[in-house]
Amino acid sequence: MSFYITTPIYYVNAQPHLGHAYTSIVADVACRFKRLCGEDVRFQTGTDEHGDKIVEAAAKAGDSPQAFTDRISDLFRQAWPLLDVEPDTFIRTTEPRHISTVQAILQQVYDQGDIYLGSYSGLYCKGCERFLTEKELIDGNCPDHQTPPQMISEQNYFFRMHKYQEWLIEHINNHPEFITPERYRNEVLAFLADPLEDLCISRPTSRLTWGIPLPFDNRFVTYVWFDALINYLTGIGYPDGPDFARYWQEATHLIAKDILKPHAIYWPTILKAMGLTPFHCLHVHGYWNVNETKMSKSIGNVVRPGELVKEYGVDAVRYFLLREMSFGLDASFSTESLVARQNSDLANDLGNLFSRALTMLNKFANGRVPEPATPEAGDQELTAAAQRMLADYTAQMERFSFNRALQAVWEVIGLANRYIVVNAPWELAKNPDLAPRLATVLYHLAETLRLLSLVLQPIMPATAAKMSAALGITETPNLVSQGRWGLSRPGTLLTLGPPLFPRRDKEGEQKPPATVKENPAAARAKNAAAPTPAAGTVEQITFEDFKKIDLRVAEVVAAERVEKSTRLLKLTVKAPEERTIVAGIAEYYQPEELVGRQVVIVANLKPAKLMGIASQGMVLAAKGKTATGETLVLAGVSGQMPPGSRLS
Ligand code: MSP
């Protein structure tokens, strides 16, 4: 199967921003997914370089149109590798191969009588570079530019678009996949309910010279949209290159809602007039706003992808954009929501699962995939969930429902984290008779991670590569041959790598490691000052006193040793907001056995600094002597409760 996906070719009057980055990342994710499924893939992007807007922007910058377009086009070309976006072709509409293709197509359509000279009076919007209909105006202004269009009367060439209207309606009705999501298909059909006007496809050279000359009348240049849409053919070698025959049938165009009409109406009718089959489908996404406001240069809130990547890393940005936008609807960007997702989904859920599982495989299975014994119900539940995820993920990715695909993946990540808590491999490791059980649990974790690295590959290629390297996987990822449970080979050597994602504080800063040294004498004194009093010998308090203590159920989402301390662990707990608590339990608990566990905290204890880390609360534990010596056990509740539940 072949797959050909295109992004819009971007205007060079603006530099790459979040909106361009989103479309290009989506195209890249779709390509990587198809490649993962073993398909023959082609991905094209590029720049749209003719027209009034470009001439104006070049003049403003004090450049010739050619020098200006060379420069900005290069900025787009350089933006994609930073985002791990890897197009196969980058096309520019000022390239000779494109110009000659556009002219050949114009000549063909003119010769067959589908382009004619007419005169036109109409309301022209310079910003849109097109004539607007009365119906489109809002209070006499262009709806996109909020400026009044100019009345222009001139001779021009027209494409007989109207002739193909009935065919187009029928095609859309017979091919539900032609325009998706459905809301945009409905929008196009509603527009086609009224008669289509023919499309003006020229501009007199008196008004514009920066365009492709009409081959049959050099007093005119080609209207920028007629020129631009044809890039989708030029880039694959239309009419007789082998790539055209190989890919055109499967052409998938990806756009945002702003350019629906040229793609859903002009383009298929032009293709029909040329005698070509239309593209396979058009996927339309919504718009990114920034902090709920339209992104614009004048407001000064334009988000630059290069800066985001530098700050947060490419995979966190790719993940966020795909997870946060429901494909087809608008979404709002903010650094707070990016940081929140990075902390909760990436550092806590995925990152913790990965590092805990690998640490335990390392510690309890000599750093190799163990041989599993017969699975129990809980193991089978994890297997079944992973299998469901594979099916669900594939179906959602095919439909461009990236956020749903990721939801399916994160359900399994959550389940696997709970599986660790429930099966407590560190407990199993204490009893040699339970070695087969321990091996089975660890095998299930390794296998879950292997499948996760596979499905995450299109979205976070660098992270997936780190995961599979740690898991000792050497094969090129392939969903068809490797997307099944049970293919991890016992004996495979694993490597423990650095954490996948750093946690960040709310402002987006990476959390600094603790640097202040614990004063050992003070620590000893603190311990000594807390002997266990006999029950009944402690001062009595009133209920009012007791009510002052805010006891809460908290869930540990991250745990790490405090550098240079033998006693302290730094815990990040959810209660329900996240907070840091430094607890003196390192001699009794390993960090990896705490994550996912529910504890009880004193939530309203005055914050205190321990080893330079602000501790916001206290974890409750029972300490006492048992047959094996002094021990400490964390307090908990006897069932699972929502984090933040109050104890009274
Ligand atoms: N040159 C034309 C396209 C010709 S294709 C034959 C053009 N260029 S553009 O630079 O304005 O790019 C528009 C596209 O950029 C949108 O369709 C979308 O893919 C992307 N986006 C620009 N701003 C966007 C947002 N704020 N949000 C999401 N995507 C946006 O139109």
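Start by selecting strand S15 (residues 288–290) and S17 in this predicted model: the two run parallel and are joined by three bridges. Pick out Val290 and look across to S17, where Phe333 stands opposite. Now add S16 to the selection, and you have an open sheet of three strands, ordered S16-S15-S17, with mixed pairing. Strand S16 (293–294) and strand S17 (331–333) are the edges; each has a single partner strand, so one side of each is left without a neighbour in the sheet.

Keep Trp288 on screen and bring up the ligand. A polar backbone atom of Trp288 sits 2.9 Å from a nitrogen atom of the ligand. Next, show Gly19, which has a polar backbone atom 3.5 Å from a ligand nitrogen. Then go to Tyr11: one of its backbone N or O atoms is 3.0 Å from an oxygen atom of the ligand. How much of the ligand's accessible area does the protein cover? Of the 670 Å² that the ligand has on its own, 94% is covered.

Widen the view to the shell. Strand S2 (10–11), helix H1 (18–36), helix H7 (224–229) and helix H8 (231–234) are the elements that give two or more residues to it. There are 23 residues around the ligand, and the nearest are Ile9, Thr23, Asp48, Asp258 and Trp288. Colour the shell by type and you get 13 nonpolar residues, eight polar and two charged.

Last stop: strand S3 (residues 40–48), which pairs with S4 in the parallel sense over four bridges. Click Thr47 to find its bridge partner in S4, Arg92. Then turn S4 (residues 89–92) around: Thr89 and Ile91 on one side are buried, and so are Phe90 and Arg92 on the other, leaving both faces covered.

How values were computed
Residues are numbered from 1 along each chain as its sequence is written. This is a predicted model: local features need pLDDT of at least 70, side-chain atom pairs count only at pLDDT 80 or more; totals for chains, interfaces and linings use all residues. Side-chain values use heavy atoms; hydrogens and water are left out. Buried means under 20% relative accessible area, exposed over 50%, partly exposed in between (1.4 Å probe, protein chains only). Two strands pair if DSSP finds at least two bridges between them. A residue is near a molecule or strand if one of its heavy atoms lies within 4 Å of it. A polar contact is a pair of N or O atoms within 3.5 Å; within protein, one must be able to donate a hydrogen and the other to accept it, and residues adjacent in sequence count only if both atoms are side-chain atoms. Accessible areas come from the Shrake-Rupley method with a 1.4 Å probe; for residues, only the protein chains shown count as cover. Ala, Val, Leu, Ile, Met, Phe, Trp, Tyr, Cys and Pro count as nonpolar, Asp, Glu, Lys and Arg as charged, and the others, Gly among them, as polar.
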